[in-house]
Amino acid sequence: MDRPTVCLDDGQIEMFYRTGYLVLPAITTPEEVERLQSVYDHLFATKAGRAQGDHLDLVTTDEDDQTPVLPQILNPSKYAPALVDTQLRANAEAIARQLLGAEAYFAGDHAILKPPHTPASTPWHQDEAYAQPEWDYNYINIWIPLQEATLENGCMQFVPGSHRQEVLPHRPIGNDPRVIGLEVDEPERVAAGAVACPIPAGGATIHHGRTLHYTGPNQSDQPRRAYIMIFETPRKPRATPREFPWLAIQKTKWQERSAAAQGGKA
Ligand code: NI
């Protein structure tokens with residue numbers, strides 16, 4: 001594993017706790033970005049993880065013969081070991097320990113590709129809305145674009161301070177239970193005061209599991225590649241019960257494929 005080359009200062013750590021997000025101009029080298037770009041493109045070109053239930057379309061009904069609109073790969077490092085031993089991972093882990101403490105561990109990765117001229121946004125949501133309601137979580141997502149991320153191609157946007165709220169009511173995108181992606185109810189109201197965070201290739205935005213975030217359509221001629229690493233501290237059973245009814249109503253092709261891959265039924 002490479003040695004970390006990035007260390008947050010007190011102001012950055014304080015900003016993360018106050019706003020629920022952080023923006024870093026660089027957590028890897030241009031050479032590594034270039035290398036990972038081709039690894040990343042190969043994963044999507046070969047539909048890596050499709051049979052295993054690790055490759056899906058976030059915003060459509062995700063039929064096998066459909067051209068994906070917003071393709072996502074879960075656990076891409078399982079299919080591309082080149083993603084494991086990187087400067088990127090070493091820095092992300094060091095940052096996670098600074099923000100969450102020494103017990104923070106790598107909990108998984110994923111990749112979201114926005115092909116050129118993708119009209120779909122990734123609508124406003126809190127990541128914890130996808131999680132299991134029985135647990136209390138403390139985790140961060142480190143979001144790294146493998147080309148510059150701009151307003152034009154769908155950089156991250158955050159609502160400062162939104163990580164201090166509980167998980168808000170969500171619904172499947174377009175209220176269609178066949179769609180795996182989630183969006184918060186009343187996005188216009190809850191996303192007031194959003195801040196867009198354009199960053200260079202190989203930079204990073206970091207957000208807490210409850211921070212409201214969004215990326216816009218990709219209106220550029222180039223793909224928008226985002227690679228995301230998740231770090232968490234050990235989860236604990238939740239003392240106050242809560243329900244995420246939006247998860248209970250979902251019936252997606254992705255669930256069918258994952259269940260089949262595990263030898264069970266959807
Ligand atoms: Ni998210």
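**Entry 1. Pro30**

I began with Pro30, which counts as exposed because its relative accessibility is 60%, above the 50% cut-off. The model I am reading is a predicted one. I placed Pro30 in helix α2, which covers residues 30–45. I then looked up its separation from Leu146, a residue 116 positions away along the chain. The C-alpha atoms of Pro30 and Leu146 are 9.3 Å apart.

**Entry 2. The nickel ion**

Next I asked which protein atoms serve as donors to the nickel ion. I found NE2 of His125, OD of Asp127 and NE2 of His213, at 2.0 to 2.1 Å from the ion. Along the chain, I read the spacing of these donors as H-x1-D-x85-H. Asp127 sits in the loop between β5 (122–125) and β6 (135–136), while His213 belongs to strand β13 (residues 213–215), so this pair ties together parts of the chain that are 86 residues apart in sequence. I checked burial for the pair and noted that Asp127 and His213 are both buried.

**Entry 3. The largest pocket**

I then turned to the largest pocket, for which I recorded about 1200 Å³ of space. Its lining consists of 44 residues, and those nearest the centre are Gln72, Leu74, Tyr130, Ala131 and Ile230. I listed the elements that give two or more residues to this lining: β3, β4 (105–114), β5, β7 (139–145), β13, β14 (224–232) and α7 (253–261). Which element gives the most to the lining of the largest pocket? I found that β4 does, with five residues. By residue class, I noted 20 nonpolar, 18 polar and six charged residues in the lining of the largest pocket.

**Entry 4. Gln72**

I followed up Gln72, one of the residues nearest the centre of the largest pocket. I located Gln72 in strand β3, residues 71–74. Is Gln72 buried or exposed? I entered Gln72 as buried because its relative accessibility is 8%, and the cut-off for burial is under 20%. The Gln72 side chain makes a polar contact with the side chain of His110, at 2.7 Å. Setting aside neighbours within four places in sequence, I found Gln72 in contact with Phe44, Asp54, His55, Leu56, Leu58, His110, Ala111 and Ile112.

**Entry 5. The largest cavity**

I counted one cavity of 30 Å³ or more. I recorded a volume of about 50 Å³ for the largest cavity. The residues that line it are Lys47, Arg50, His55, Leu56, Asp57, Thr60, Asp62, Glu63, Gln66, Pro68 and Pro71. Two of these residues, His55 and Leu56, I had already met among the contacts of Gln72. Strand β2 (residues 55–57) gives the most to the lining of the largest cavity, with three residues. I sorted that lining into three nonpolar, three polar and five charged residues.

**Entry 6. Thr61**

I closed with Thr61, which I placed in the loop between β2 and β3. Thr61 counts as buried because its relative accessibility is 15%. Not counting residues up to four places away in sequence, I found that Thr61 touches Gln66, Asp176, Arg178, Val179 and Lys253. Of these partners, I had already listed Gln66 in the lining of the largest cavity.

How values were computed:
Residues are numbered from 1 along each chain as its sequence is written. This is a predicted model: local features need pLDDT of at least 70, side-chain atom pairs count only at pLDDT 80 or more; totals for chains, interfaces and linings use all residues. Side-chain values use heavy atoms; hydrogens and water are left out. Helices (H or I, at least four residues) and strands (E, at least two) are DSSP runs, numbered from the N terminus. Buried means under 20% relative accessible area, exposed over 50%, partly exposed in between (1.4 Å probe, protein chains only). A polar contact is a pair of N or O atoms within 3.5 Å; within protein, one must be able to donate a hydrogen and the other to accept it, and residues adjacent in sequence count only if both atoms are side-chain atoms. Contact means heavy atoms within 4.5 Å. Donors are N, O and S atoms within 2.8 Å of the metal (3.2 Å for Na, K and Ca); water is not among the atoms, so sites may look incomplete. On a 1 Å grid over the protein atoms alone, a cavity is a set of points where a 1.4 Å probe fits but cannot get out, and a pocket is an open set with protein on both sides within 12 Å along at least five of seven lines; lining residues have an atom within 4 Å of a point. Grid points are joined across faces, edges and corners, and a volume is the space filled by probe spheres set on the points. Ala, Val, Leu, Ile, Met, Phe, Trp, Tyr, Cys and Pro count as nonpolar, Asp, Glu, Lys and Arg as charged, and the others, Gly among them, as polar.
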